[in-house]
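Take a look at the model below. This report visits a surface patch, two loop residues and a cavity.

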Amino acid sequence: MKLSILVCLFVFGNAFVALGQDSRDDDIFGDSSKAGEKDNKPEKDQKIAESQAKALVDTLQIGGRLELRSTASGQEHQRFQEGAFAPSKTADIYFDTRPSDELRVFLRTRISETPNYDVAVPGASRSPTKITQSIDELWFKWDIARTVFMTYGKQHLKWGSGRLWNPTDYTARQSKDPFDLFDRRLGQELLKIHIPNEKLGFNYYAVLQFDDAKRNDDLGLALRAEFAFLGSGELAVTAQTRRGEAQRLGLDVSSALGPIDVHFEASASKRENRDFYRDGVLEDELVVLPSVYKDPDKTFKQAVGGVQYTFKYNEDDNISFGAEYFYNELGYEQRFEELFSLIKAQSSSLYAGRRYAGAYIQLPNPGSWNKTSFFLTGLSNLSDETGSARLTGTWLVANYATFEAFVSQCVGDYGELCFKIPERLQQVGQVQDDDPVLKQIASSLPTRKTVTTAGVGLSINF
């Protein structure tokens with residue numbers, strides 16, 4: 001760590017000194033008759049640059065997260081030892097500096113190494129590993145008169161009180177994985193304007209969305225207002241609009257009712273510019289692909305409600321129980337149409353079915369096991385009758401590193417949480433060469449569901 005700080009000091013110092021020495025302001029704007037003042041300006045610029053560099057380095061913090069992870073899976077009608085195995089490595093490194101009370105700059109970069117082959121296809125040829133580097137976060141934060149707070153750049157932002165589903169998280173481009181203890185999603189390109197009212201406990205947000213924008217009018221706008229009530233409650237109203245996407249309006253309420261925490265999210269969207277599917281048939285001797293339609297004038301509703309109860313079973317230990325139910329009009333009640341929408345990338349994971357339910361148990365540091373925690377999460381897609389459960393245990397190793405082990409199991413025939421293409425659909429696709437869509441579906445996706453997945457990981461934060 002000391003070596004890293006010395007290197008950063010050298011780089012920052014030389015960069016700012018170079019800026020001072022390379023300045024051409026005198027040549028462009030200076031008065032040549034004031035030779036004495038001009039001769040002294042490079043020295044003055046150098047002192048300013050050195051002072052700025054010192055301020056940056058003095059407040060610079062360097063840290064990150066390192067993780068080694070290995071995942072093994074087994075498909076149906078297959079011995080587990082014949083299943084796919086996938087190791088991975090991830091390094092998150094951040095630089096955080098606050099040169100003044102008014103400015104903060106943050107950078108987090110992610111480097112990952114994964115096998116460059118399809119882990120869903122056991123026996124697939126192994127080519128060299130794939131290394132990717134991404135900027136997870138890079139933002140500037142400043143304030144105006146300690147009243148308006150601005151954050152510009154790639155940043156993390158999560159709205160909504162749901163633990164498993166968040167239909168009002170309008171700025172997210174990807175849904176979170178409710179099984180993961182660590183959120184692996186990258187940040188989003190935003191300009192966030194935050195106006196707090198500390199006296200009343202209110203917050204107001206205006207967010208400009210830049211991610212995926214190719215034209216000036218591709219920028220999205222999201223507005224949110226949060227209001228505290230009854231000491232422990234919060235009510236939020238959210239709206240979003242963007243060219244080519246749905247207009248959305250959301251309501252989010254969370255509060256404590258005695259020992260029970262309750263939360264509720266509701267979203268209404270209109271002008272959905274996506275494909276929907278209907279009238280699909282998948283039977284033993286009959287396969288009819290769903291027909292495509294659009295419904296931009298319909299208002300689609302989504303709602304999630306949940307409860308959490310934390311029980312303190314001795315002076316230092318507690319256990320939490322939680323459950324959620326999700327109703328999603330953007331999803332499907334019919335399993336074949338839901339599967340087809342997932343294949344065509346019109347639905348996203350955990351938002352493809354019409355009805356969902358989930359539950360979780362959190363047991364941190366039980367009894368004398370002060371370095372051990374357990375987490376159990378179960379999800380059920382009530383529409384296609386598939387489900388998945390995952391048990392995770394974590395152990396603190398040598399007081400710094402965290403060892404994680406998990407095992408998950410899916411139940412059900414086929415569907416979102418036990419994903420596969422039924423064999424009869426693949427057989428029809430092989431026979432009907434005149435249907436390119438069906439043939440592509442049959443040839444590119446697995447016909448056996450992954451039943452069991454297990455993995456271990458070792459991580460450290462520094």
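## Patch, loops and cavity

F403 sits in strand β21, which covers residues 401-411. The model is predicted, so keep that in mind while reading on. How accessible is F403? Its relative accessible area is 31%, so F403 counts as partly exposed. The band for that label lies between buried, under 20%, and exposed, over 50%.

F403 also belongs to a nonpolar patch on the surface. Its partners there are L68, W395, V397, V456 and L458. Together, the six residues have about 460 Å² of accessible area. Which elements give two or more residues to this patch? They are β20 (386-397) and β22 (450-461). A residue needs over 30% relative accessible area to join a patch. F403, at 31%, is partly exposed.

Now turn to the loops. Two alanines have a positive phi although neither is a glycine. Where are they? A145 lies in the loop between β4 (130-144) and β5 (148-155). A398 lies in the loop between β20 and β21. The table sets out their values.

| Residue | Phi | Relative accessible area |
|---|---|---|
| A145 | about 55 degrees | 66% |
| A398 | about 55 degrees | 62% |

Are these alanines buried or exposed? A145 is exposed, because its relative accessible area is 66% and the label needs over 50%. A398 is exposed too, because 62% also passes that cut-off.

Next comes the inside of the protein. How many cavities of 30 Å³ or more does a search of the whole structure find? The search finds one. The largest cavity has a volume of about 30 Å³.

Which residues line the largest cavity? The lining is made of F179, L181, F375, L376, T377, R390 and T392. Two strands, β19 (372-381) and β20, each supply at least two of these residues. β19 gives the most, with three residues. By class, the lining has four nonpolar, two polar and one charged residues.

One strand links these topics. β20 gives two or more residues to the nonpolar patch. β20 also supplies at least two residues of the lining of the largest cavity. The loop that holds A398 lies between β20 and β21, and β21 is the strand where F403 is found.

Conventions:
Residues numbered from 1 in each chain as written. Predicted model: local features only at pLDDT ≥ 70, side-chain atom pairs only at ≥ 80, totals over all residues. Heavy atoms only, no water. Patch = residues over 30% accessible without salt bridge, like charges linked within 9 Å, V, L, I, M, F, W, Y side chains within 5 Å. Areas by Shrake-Rupley, 256 points an atom, 1.4 Å probe, with all protein chains shown as cover. Salt bridge = Lys/Arg side-chain N within 4 Å of Asp/Glu carboxyl O. Helix = DSSP H or I, 4+ residues; strand = E, 2+ residues; numbered from the N terminus. Buried < 20%, exposed > 50% of the residue type's maximum accessible area, 1.4 Å probe, protein only. 1 Å grid on protein atoms, 1.4 Å probe; cavity = no way out; pocket = protein on both sides within 12 Å on 5 of 7 lines; lining within 4 Å. Points joined across faces, edges and corners; volume = space filled by probe spheres on them. Nonpolar A, V, L, I, M, F, W, Y, C, P; charged D, E, K, R; others polar.
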